[in-house]
Structure formats: C-alpha cells, structure tokens
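Please look over the chain below. A short report on its fold and on selected residues comes after it.

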Amino acid sequence: MMLTGQDMEPQTLSLDLEGIRPTPIVPRQEISVGTHKVFVFDDIFTDPFIDSFGTFILGQDYQPRPSFDNELSAAMDTELARSLPALPAVANALVAHYHARMTRAPGDQALSHAYMAAVRFGDSSLVHHDVPCHDCVTFLYYANLHWTGRWGGETIFYDDDLMAVAAVSPRPGRLLLFNAAIYHRAGVPMRICPTFRYTFSMFYRCSKMLNS
C-alpha cells in the first residue's frame with residue numbers, strides 16, 4: 001500500500017484501534033536536524049500492547065547481522081510486519097499525517113522492510129544513514145518492557161558534519177519517526193544495564209527508491 005504525504009492533514013490524529021490509547025496522537029517532541037525532522041511519540045500504545053509486543057520482540061532469535069556494525073538482529077518478513085497489531089496502522093497514519101512536514105517534495109511511501117535489533121554493553125555502533133533519500137522515512141520502536149535513563153542507550157542524531165545534535169532516550173512504547181537521510185547511531189547501554197536494548201525498525205521508502 002502506497003501512502004501519500006500530500007493527503008489532507010487534519011488538525012489532530014486519532015485512531016480507534018485495539019492496542020492504541022483513545023487520545024489524540026501528538027508528538028512529545030519535534031526535533032529539527034538541518035532541514036529534516038525527528039518526531040518523538042509517547043503514550044500512543046496501551047500497557048497491554050507494550051507488554052505483549054515487547055515480549056514478542058524480546059523472544060526473537062537474534063544473530064549477528066552481516067552489516068557495517070555486525071549487530072545482533074532478527075529479520076521480519078514484510079508481510080508479517082504489515083499484519084502486526086496496532087503498530088503498522090499507527091505508522092501508516094503518521095506517514096500520511098506528518099510526511100509533508102518532513103520534506104520539501106512529499107511523495108508516496110510504502111513499507112520496504114523491517115527488523116529487530118538487540119544492543120548490549122560493549123557493542124560497537126557506527127554513525128550511518130538508512131538511505132541517502134530525503135523523502136524516505138524510518139520508524140524506531142523501543143521494545144524493552146522496562147528502561148531507566150541510568151542505562152543510557154540513547155539514539156544519537158547528527159548533522160551533515162557528523163556532529164551530534166540530539167539524543168533520544170529509550171522508553172517502553174516510545175516511537176520515533178525521522179527522515180531516513182539523517183545520520184544517526186544506536187546508543188550502547190551502560191555497564192550497569194542488565195539487559196539488551198531492544199528495538200523494532202520499520203523502513204518506509206518512496207516509489208523511486210522502491211523501484212531502484
């Protein structure tokens with residue numbers, strides 16, 4: 001399903017779905033990184049959803065991914081990602097609602113792929129961008145059932161000179177939406193952290209990137 005950022009944007013966004021709180025969905029924080037945006041959403045999902053989906057993410061089979069940082073990850077079939085409860089519907093609605101504020105040339109977006117990652121103390125995390133496309137967007141969901149700021153693990157965002165300009169802490173049920181061209185890296189937990197930092201990422205691509 002293709003989603004367009006040129007759809008009429010209502011004043012508020014609300015969704016009547018199981019697993020989602022019956023309140024308007026508004027960002028807790030909006031961060032500007034150059035001409036790009038990072039939206040931080042809290043309190044979208046109900047506690048039962050956060051517990052059940054987090055338990056599902058924590059229970060996956062994580063293996064070293066043959067990538068630039070060799071992180072522990074677990075791939076998810078795109079059709080399965082689309083069929084997940086609550087989260088895909090929220091992501092689709094957020095793209096339709098906010099994408100026009102994230103790019104000068106909003107275009108159609110569709111889910112390309114998704115995967116889960118587990119980061120622990122001592123891991124190496126490299127600065128990267130997901131794709132060099134200013135139109136594409138990424139969602140990052142923090143899946144731990146409990147997290148404290150003392151454990152670190154912040155997602156760090158960088159400007160085009162690779163200087164850190166913003167940090168967002170993990171929080172159970174927190175969802176980030178950001179331009180896929182923003183340089184960023186996964187935060188590594190502190191030594192005192194007793195668990196992995198679990199996340200679930202959904203990557204939306206414009207029609208040009210999907211067809212390239």
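The report goes from the whole chain to single residues.

## Overall fold

This is a predicted model. The chain holds four helices and twelve strands. Along the principal axes, its C-alpha atoms fill a box of roughly 45 × 40 × 30 Å.

The radius of gyration is 16 Å. For 212 residues, a compact globule would have a value near 17 Å, so the chain agrees with that expectation. Contacts also reach across the sequence. Of those between residues at least 6 apart, 82% join residues at least 24 apart.

## Burial, surface and charge

Of the 212 residues, 52% are buried. The accessible surface of the chain is about 10,300 Å². Carbon and sulfur atoms account for 52% of that surface.

Charged side chains come as 16 positive and 22 negative. The centres of the two sets are 6 Å apart.

## His184

His184 sits in strand β11, which spans residues 183-185. Its relative accessibility is 7%. The cut-off for buried is under 20%, so His184 counts as buried. The side chain of His184 also reaches a backbone atom: the oxygen of Ile182, at 2.8 Å.

Leaving aside residues up to four places away in sequence, His184 has contacts in several stretches of the chain. One run is Leu126, Val127, His128, His129 and Asp130. Another is Ile156, Phe157 and Tyr158. Phe178 completes the list.

## Two loop residues with positive phi

Ala86 lies in the loop between α2 (78-82) and α3 (87-98). Its phi is near 65 degrees, a positive value in a residue other than glycine. Is Ala86 buried or exposed? Its relative accessible area is 9%, so Ala86 is buried.

Leu162 is also a non-glycine residue with positive phi, here near 60 degrees. Leu162 belongs to the loop between β8 (155-158) and β9 (164-168). How accessible is Leu162, and which class does that give? The relative accessible area is 44%, so Leu162 is partly exposed. That class runs between the 20% limit for buried and the 50% limit for exposed.

## Summary

The chain of this predicted model has a radius of gyration that agrees with a compact globule of 212 residues. His184 is buried in the model, as is Ala86, whereas Leu162 is partly exposed.

Notes:
Residues are numbered from 1 along each chain as its sequence is written. This is a predicted model: local features need pLDDT of at least 70, side-chain atom pairs count only at pLDDT 80 or more; totals for chains, interfaces and linings use all residues. Side-chain values use heavy atoms; hydrogens and water are left out. Buried means under 20% relative accessible area, exposed over 50%, partly exposed in between (1.4 Å probe, protein chains only). A polar contact is a pair of N or O atoms within 3.5 Å; within protein, one must be able to donate a hydrogen and the other to accept it, and residues adjacent in sequence count only if both atoms are side-chain atoms. Contact means heavy atoms within 4.5 Å. The radius of gyration is taken over C-alpha atoms; the globule rule is 2.2 Å times the number of residues to the power 0.38. Accessible areas come from the Shrake-Rupley method with a 1.4 Å probe; for residues, only the protein chains shown count as cover. Lys and Arg count as positive and Asp and Glu as negative; His and the chain ends are not counted. The place of a charge is taken as NZ of Lys, CZ of Arg, CG of Asp or CD of Glu.
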